[in-house]
Amino acid sequence: MHPFLGRPKTQNTVYMLKIIVKDGENIERALKRYKRKHRNIKVMQNLRDGQFFTKPSVKRRREVQKAAYIQNLRDQEDI
């Protein structure tokens, strides 16, 4: 039996976000920029997705379902 069978994948990826706070900029605004950047690069989603192996067929099925859902929303918007 393989010693790593059934254990979650570990990644050695380091995520470092840099937010330059400009002179006179409100700290709330800088925090808002940080949160937006954090959300856009999908740090937490990548960590969750990399925890366990997902079969390629399951990934494709999810992508197709997501595309169909978005298309359905756009079709309803046109009505």
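This is a short tour of a predicted model, stop by stop.

**Whole chain**

Start with the protein chain in cartoon view. Its secondary structure comes to three helices and zero strands. From the N terminus on, the elements run α-α-α. Now colour by accessibility. Buried residues make up 4% of the 79 residues in the chain.

**Helix H1**

Select residues 27-40. This is helix H1, with 14 residues. From its first C-alpha to its last, H1 reaches 20 Å. That is close to the 20 Å expected at 1.5 Å a residue.

Go to the start of H1 and show the side chain of Asn 26. What does a side-chain oxygen of Asn 26 reach? The oxygen comes to within 3.2 Å of the backbone nitrogen of Glu 28.

Next, pick Leu 31, which is found in H1. Leu 31 counts as partly exposed, because its relative accessibility is 41%, and the cut-offs for that class are 20% and 50%. Add Val 21 to the selection. Leu 31 and Val 21 are ten residues apart along the chain. Their C-alpha atoms are separated by 9.3 Å.

Move on to Lys 37, also placed in helix H1. Lys 37 is partly exposed too, at 35% relative accessibility. Now add Ile 19. Along the chain, Lys 37 and Ile 19 are 18 residues apart. Draw a distance between their C-alpha atoms: the separation is 9.0 Å.

**The salt bridge**

How many salt bridges does a search of the whole structure find? The search finds one. To see it, select Arg 33 and Glu 25 and show their side chains. These two side chains meet in the salt bridge, at 3.2 Å from N to O. Are the partners buried or exposed? Arg 33 is partly exposed, with a relative accessible area of 22%. Glu 25 is partly exposed as well, at 21%. Both values sit above the 20% cut-off under which a residue counts as buried, so neither partner is in the buried class.

**The loop after H1**

Follow the chain past the end of H1 and stop at Lys 42. Lys 42 lies in the loop between H1 and H2. Check its backbone angles. Phi of Lys 42 is near 55°, a positive value in a residue other than glycine. Why pause on that sign? Most residues other than glycine have a negative phi. Turn on the surface here: Lys 42 is partly exposed, with a relative accessible area of 42%.

**The largest pocket**

Last, look for the largest pocket. About 230 Å³ of space lies in it. Select its lining in two steps:

- Take Gln 45, Arg 48, Asp 49, Phe 52 and Thr 54, which are among the lining residues.
- Then add Lys 59, Arg 62, Glu 63 and Lys 66, which also line the pocket.

Which elements give two or more residues to this lining? They are helix H2 (43-49) and helix H3 (56-78). H3 provides the largest share, four residues.

Finally, colour the lining by residue class. One residue is nonpolar, two are polar and six are charged. Phe 52 is the nonpolar one, because Phe counts as nonpolar. Leave the lining selected and zoom out to see the pocket against the three helices of the chain.

Definitions and conventions:
Residues numbered from 1 in each chain as written. Predicted model: local features only at pLDDT ≥ 70, side-chain atom pairs only at ≥ 80, totals over all residues. Heavy atoms only, no water. 1 Å grid on protein atoms, 1.4 Å probe; cavity = no way out; pocket = protein on both sides within 12 Å on 5 of 7 lines; lining within 4 Å. Points joined across faces, edges and corners; volume = space filled by probe spheres on them. Expected span 1.5 Å × (residues − 1). Polar contact = N/O pair within 3.5 Å; in protein donor to acceptor, adjacent residues only side chain to side chain. Salt bridge = Lys/Arg side-chain N within 4 Å of Asp/Glu carboxyl O. Buried < 20%, exposed > 50% of the residue type's maximum accessible area, 1.4 Å probe, protein only.
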